[in-house]
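Trainee: I'm new to this one, and I'd like to know what stands behind the words people use for it. Can we go through it together?

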Amino acid sequence: MTYILQFLSMMLTALFIENIIFTRALGTSWMFYLIKHPKEIAKQTGLLTIITTLSGLLAYPLRGFVYNSEHRHLLLPMLYIAAMAVVYLAVYFFVKFVFPKQEEYFSLNLGVAVFNCAALGSLLVVSNERLDLISTLGYGIGMSLGFGFATVMLGYGLTRLEYCRVPKIFRGVPIALIYLGLLSLAFYGLVGHQLPT
Amino acid sequence: MKEKLMFQNAPHVRQSESVVTMMADVIIALLPVYLMSFFYYGLRAVMLGIFGAVTCAVLSLIGQLLLKEKLNFDLTPIITGLIIPLLMPASIPYYVVFSACAVAILVVKFPFGGTGSNLFNPAAVGFASAAICWPKEVFSYPATMQSLEVFGETTARIAQSPAYSLSLGAVPDYNVLDMLLGSAPGPMGATNILVVAACGIFLIVKKAINWLTPFCFLVPYALLCVLFPRIGGSPFDALCYELFSGTIIFGAFFMLTEPVTSPKRDFGKMLAGISSAVVVFLFRYFGEFEMGFASALIVMNVFSPIFDAICESVLHIYRHKGAILASFKKETPAETKPAEVPAEAVPEEEEIPAEETSSEEEVPEEEPAVEIDLSEEAEPSAETEEEEELSEENEEPSGEEETV
Amino acid sequence: MSFFVKGILPEQKKEPMLTRSTLVMRQEFEYFDCDFEETPVEDLSAEQITEIARLAEIVDECDGKMLWEKLEKLNLGEGGTLIIDAIDDEPYISSQMSICIHQPEKLSLGIELCEKVLSPGKTYIAMYRHILDSNFGIPGKIGKYKVRKIGGRYPAENRVYRHIPKGKNSVIVGACAMLHLARAAEESRKMTSCFVTVAGDVVKNPRNVEVPIGTTAEKVLELCGLSAEPETIVMGGSMTGRAIFEPENEVIVPTTRGVIALERSYGTYSYTCIGCGRCDHACPKALSVCALRKFADAGKFEELCRYDVNMCIGCGACSYVCPSRIDVAATLIKAKKQIELARKEGTL
Amino acid sequence: MSELKSCFKESASYLFLRNPVLVLGLVIGQLAAGVGTLQNAAALSITYFFVVVPTLVFASLFGKKLPGWLKVVIYALISALMLVPSYFISGTISATIFDSAGIYPALLAVSTVPVVYSSKIAENQKPLSALAGGICIALGFAFTAIILGAAREFLGSGSIWGFRFAKPLFPAAKLPIWGFIFLGFMAALVNFIKDILKIPEETPAGGEEAK
């Protein structure tokens with residue numbers, strides 16, 4: 001029971017208080033891509049959740065060796081990218097032999113869903129917090145779900161911008177960035193005054 | 001006779017109320033609040049207000065010039081500039097007010113297209129950004145009844161605000177009457193609960209704001225505070241301290257009701273009020289800062305179009321009720337013959353005040369089903385309709401009683 | 001549903017036109033010939049009355065259709081209702097109401113004839129009740145016919161249907177048409193004139209005037225006198241009428257209900273929408289007007305259709321209530337027409 | 001020769017008119033959150049250069065010979081390998097650079113350009129134009145990052161490259177939110193300059209800006 005509570009509290013923390021987009025600004029370009037393709041959001045968020053969980057599990061026993069190294073900042077990302085590569089291959093072959101019909105979709109989209117800043121970023125943030133296994137899992141899943149939540153929220157706001165009289169020079173990327181910044185401001189009120197690491 | 005004739009579209013009589021009168025009402029309602037803060041903190045409070053208003057007005061003119069728009073002297077930036085200092089302590093340095101106003105106008109308003117297009121409440125964002133940037137200045141409140149230096153650094157005695165005590169889980173050392181009258185330290189405009197509430201009721205009576213928004217915000221918020229108190233003691237104390245500390249009452253009347261960023265329909269306003277009560281409560285309960293209200297308001301602004309969409313989908317069903325019912329009844333023929341069939345034979349469905357403008361084509365466009373909607377909920381006589389209207393009007397005073 | 005649809009309550013400004021007697025503009029009468037000219041009015045048969053309406057060329061002023069077409073097609077029967085339209089819910093306009101007040105005998109005769117043709121179970125005269133800015137009392141009965149006071153907000157004409165019993169036939173005819181029917185039956189007079197309200201803040205002597213069809217707006221205004229140069233002259237109702245530029249070329253037609261001269265124009269008076277949502281509540285059809293206007297400005301036709309722009313009846317309530325003085329109704333009507341055009345061309 | 005010229009013209013547009021950050025909207029998060037100071041900006045620029053250029057060149061050389069599902073892994077692993085030299089070079093900037101820049105330099109290895117762009121565009125290019133394109137993308141990134149880093153460092157802590165010479169004007173400028181907003185205004189500025197020069201949206205000419 002305590003494990004479940006711990007898991008849930010870490011998940012909610014990662015989902016709202018330390019939202020991956022609003023407070024850590026990870027995976028924004030992928031998010032902007034997804035906003036243009038709203039049907040993909042649910043699928044890719046699901047993929048992201050699976051990938052982060054699996055890679056986190058895979059790298060969890062190994063990261064103890066890396067932590068105390070002098071070159072932690074170099075070795076940790078390389079370890080995670082290697083883990084992600086393994087997970088990518090595993091998932092790909094799993095799909096290829098179990099659901100052959102889905103192979104085309106996965107060969108096109110799985111790569112983007114695995115190798116992106118949101119996935120690697122959430123893994124790195126989790127490892128920097130030095131949490132135990134349950135919390136790591138909860139935090140990772142919460143971060144992935146938080147990504148989907150932020151994408152939906154931002155996508156809704158940006159469609160609203162189509163009907164605003166946005167000046168010509170602000171249309172497109174600039175207004176999306178300002179909108180994102182202002183939303184992050186709201187979440188900062190919750191977190192308090194601290195820089196993310 | 002011909003020379004002066006001008007073109008104008010159909011309704012040739014308009015309501016006397018306009019944006020200017022609405023905004024002027026809000027400004028008039030803010031003046032007593034400034035008077036009270038003048039009473040408690042001296043001239044500096046008034047100077048901060050004037051400084052904020054002038055800054056915002058000048059910046060909005062600059063923004064309009066930069067966007068090469070037609071210059072439009074609307075009063076909305078002045079309201080923004082008057083609200084921002086009221087959310088801050090009277091000892092706030094002028095540069096903090098300036099930066100908050102600059103963010104409100106140049107970041108929140110103009111990139112989105114100026115008045116009427118902003119997606120966030122400018123005052124809330126301006127205040128939130130200042131609070132994040134200079135938390136020490138924004139959240140240290142001077143004790144009341146001391147005249148502060150008009151310009152420059154202040155050397156006022158700093159007191160702990162009730163909101164901060166609450167966030168620590170301690171009972172504030174001011175009694176409820178102090179907090180009602182505003183002699184507890186806090187944001188310079190938001191502590192005078194009685195004055196602020198009176199000004200809010202003035203706005204409601206003048207119909208510059210809708211009574212539903214503050215009502216639907218404050219009642220659920222009070223309920224939440226009673227159910228989950230942060231401090232010990234009787235629920236009434238907890239309620240009063242939670243409700244009267246921070247910017248809850250001020251925000252409910254002056255910030256939550258901002259027309260641009262709030263939902264359009266009454267139903268949407270109700271939903272928004274209730275959900276912002278929950279979000280504000282959560283932000284204040286779990287948040288690090290005392291600025292829960294402003295942050296929660298920014299988050300709620302994102303959701304207001306969703307509330308509009310909910311209203312629209314409800315009304316869509318209402319408008320197509322006839323057609324939906326008909327299709328439903330077709331599937332279940334066991335029921336009695338629907339009333340639609342003879343009513344469709346009503347020959348002259350549409351009675352538009354027929355003039356040249358409402359041309360002939362529009363008449364057959366009207367679907368007969370819609371007329372049935374009206375007839376279905378037919379009142380038996382004109383008297384009942386009058387009662388219905390009276391009850392509509394009677395609801396307003398009841399809302400005012402609750403909010404005081 | 002009053003929670004969603006509130007409607008508007010415009011200032012009616014019907015005084016002093018309503019209580020003053022109708023002014024008759026000098027004109028030549030035209031008469032028609034028929035076989036039953038000598039028959040007393042009481043003995044006319046239903047077919048003969050329809051024939052009279054046809055010969056007299058009576059136009060129903062509330063929708064511009066010929067009266068005889070209405071009379072010919074219908075036989076209401078026991079459960080049917082005949083509604084005499086004297087609603088006049090637009091500000092200034094009071095031509096139909098003034099007929100009911102000043103010429104009740106003629107009107108009763110006209111209604112009696114009409115009843116003979118349609119044989120309805122119930123007949124009443126509908127009038128708009130909310131004339132708050134004058135202490136004029138609407139009579140309970142005109143002749144032997146009951147007056148039903150239509151309450152509520154503008155546009156009241158929709159609300160008439162609320163009083164129709166479920167599943168029953170009903171027909172609405174204008175009060176002026178009834179008056180003309182009575183005249184035609186008694187004097188064999190053709191419908192050569194119509195009733196027009198001449199009002200506005202620069203009209204010296206605002207009155208209800210009976211003018212010959214085809215008179216120019218300029219002449220009508222000269223008759224009543226102007227105290228200042230008007231910026232806007234409106235043909236038709238104050239809510240749905242049309243601003244005119246050449247009063248010497250614009251003629252009165254049977255459906256014209258008013259000529260209104262206003263000192264100030266709202267044409268150049270424009271703020272941006274602040275999203276207050278008053279238009280949403282004003283709309284009698286429960287449309288999301290605020291969103292519709294945004295879509296119309298952005299040219300989003302699919303969204304406009306999804307939000308039911310085709311249900312707009314062009315009543316102008318949204319424009320009336322807008323604090324920013326935006327021409328919401330005109331925008332929506334234009335968008336509606338564009339969509340109809342696109343549908344015809346098959347591009348949508 | 002003219003082919004070479006057009007290839008360079010194409011690549012040079014990445015510096016300004018098709019700036020990867022301000023116009024294409026890539027790698028925003030790392031810039032907004034990671035570039036709080038000028039030193040961080042330099043570290044990120046170096047890392048980005050090392051990550052992007054070899055990956056793009058590799059893609060144009062061998063991309064077409066690889067099966068579709070393997071490509072992404074290979075590109076990601078190459079860019080991860082390239083973190084090694086960039087780590088040691090950027091380590092010379094300052095002793096605490098990796099503590100202040102945090103996880104953001106490492107994240108560049110899996111950003112859009114090395115992973116997606118290489119398989120979508122660089123594969124169809126010749127190695128030379130891929131090289132030029134990669135260099136220009138990295139330079140365009142560096143240009144944006146350095147301006148942003150300098151501005152935020154000056155406003156946020158009143159210093160440039162760690163040398164303090166003024167009182168901080170606006171301490172919150174170091175926060176990611178202000179990174180987003182500054183980037184938004186910079187992108188608006190680019191649009192404004194494009195608007196003044198009357199450069200059409202689709203066909204960037206990119207001559208005089210490429211200094």
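Mentor: Sure. Let's start with a term: a crossing is right-handed if the near helix is turned clockwise from the far one by less than a right angle, and left-handed if anticlockwise. Keep in mind throughout that this is a predicted model.

Trainee: Which hand does the crossing of α7(A) and α8(A) have?

Mentor: Right-handed, so by that definition the near helix is turned clockwise from the far one.

Trainee: What else describes how they pack?

Mentor: Two packed helices are described by the angle between their axes and the distance between the axes. For α7 (residues 117-129) and α8 of chain A, the axes come within 10 Å and cross at roughly 145°.

Trainee: Which residues make the contact?

Mentor: From α7(A), the contact uses A:Ala118, A:Ser122 and A:Val126. The residues from α8(A) are A:Thr136, A:Tyr139, A:Gly140, A:Met143, A:Ser144 and A:Phe147. Sorted by class, that contact holds 5 nonpolar and 4 polar residues, with no charged ones.

Trainee: What makes A:Met84 a buried residue?

Mentor: A residue needs 20 or more other C-beta atoms within 10 Å to be called buried. A:Met84 has 27 such neighbours, so it counts as buried. You'll find A:Met84 in helix α5 (residues 72-98) of chain A. Leaving out residues up to four places away in sequence, A:Met84 touches A:Ile51, A:Ser55, A:Val114, A:Phe115 and A:Ala119. Further along the chain by 10 residues is A:Phe94, and the two C-alpha atoms are separated by 15 Å.

Trainee: How do you know what chain A looks like as a whole? What radius of gyration does it have?

Mentor: Chain A has 18 Å, and a compact globule of 197 residues would have a value near 16 Å, so the two agree. The C-alpha trace spans about 55 × 45 × 40 Å along its principal axes. Chain A contains 9 helices and 0 strands, and 52% of its 197 residues count as buried. Among its contacts between residues at least 6 apart in sequence, 78% join residues at least 24 apart.

Trainee: How many residues of chain A and chain B make up the contact between them?

Mentor: Chain A gives 21 residues and chain B gives 28 residues. On chain A's side, the elements giving two or more residues are α8 (133-161) and α9 (173-191). The largest share, 10 residues, comes from α9(A). That side of chain A divides into 15 nonpolar, 4 polar and 2 charged residues.

Trainee: How much confidence does the model have in chain B?

Mentor: The mean pLDDT of chain B is 78, and 80% of its residues reach 70 or more. Over residues 334-404 of chain B, though, pLDDT stays under 50. The model still has 107 contacts beyond four places in sequence for that stretch. Where pLDDT is low, the predicted coordinates should not be read in detail.

Trainee: And how is chain B built?

Mentor: Chain B has 19 helices and 2 strands, and 52% of its 404 residues count as buried.

Trainee: Which residues of helix α11 (residues 235-244) of chain B are buried?

Mentor: They are B:Ala238, B:Cys240, B:Tyr241, B:Glu242 and B:Phe244. Their cover includes α7 (162-168), α8 (176-181), α9 (193-205), α10 (212-227) and α12 (248-254) of chain B. Just after α11(B), B:Gly246 takes a positive phi of about 70°.

Trainee: What makes a positive phi worth pointing out?

Mentor: Most residues other than glycine have a negative phi. Now look at chain C: C:Asp88 is not a glycine, yet its phi is positive, near 50°. C:Tyr92, also not a glycine, has a positive phi of about 75°.

Trainee: Where do C:Asp88 and C:Tyr92 sit?

Mentor: C:Asp88 lies in the loop between β2 (77-86) and α3 (95-102) of chain C. C:Tyr92 is likewise in the loop between β2 and α3 of chain C.

Trainee: Are they buried or exposed?

Mentor: Set the counts against the cut-off of 20. C:Asp88 has 29 C-beta neighbours inside 10 Å, so it counts as buried. C:Tyr92 has 30 other C-beta atoms within 10 Å, so C:Tyr92 is buried too.

Technical notes: Residues are numbered from 1 along each chain as its sequence is written. Chains are lettered from A and ligands numbered from 1 in the order in which they are written. This is a predicted model: local features need pLDDT of at least 70, side-chain atom pairs count only at pLDDT 80 or more; totals for chains, interfaces and linings use all residues. Two residues are in contact if their C-beta atoms, placed from the backbone, lie within 7 Å. Helices (H or I, at least four residues) and strands (E, at least two) are DSSP runs, numbered from the N terminus. Ala, Val, Leu, Ile, Met, Phe, Trp, Tyr, Cys and Pro count as nonpolar, Asp, Glu, Lys and Arg as charged, and the others, Gly among them, as polar. A residue is buried if 20 or more other C-beta atoms lie within 10 Å of its own, exposed if 12 or fewer, and partly exposed in between; C-beta atoms are placed from the backbone. Axes are lines fitted to C-alpha atoms, for helices over the stretch in contact, and angles run from 0 to 180 degrees between N-to-C directions. pLDDT is the predictor's confidence in each residue, from 0 to 100. The radius of gyration is taken over C-alpha atoms; the globule rule is 2.2 Å times the number of residues to the power 0.38.
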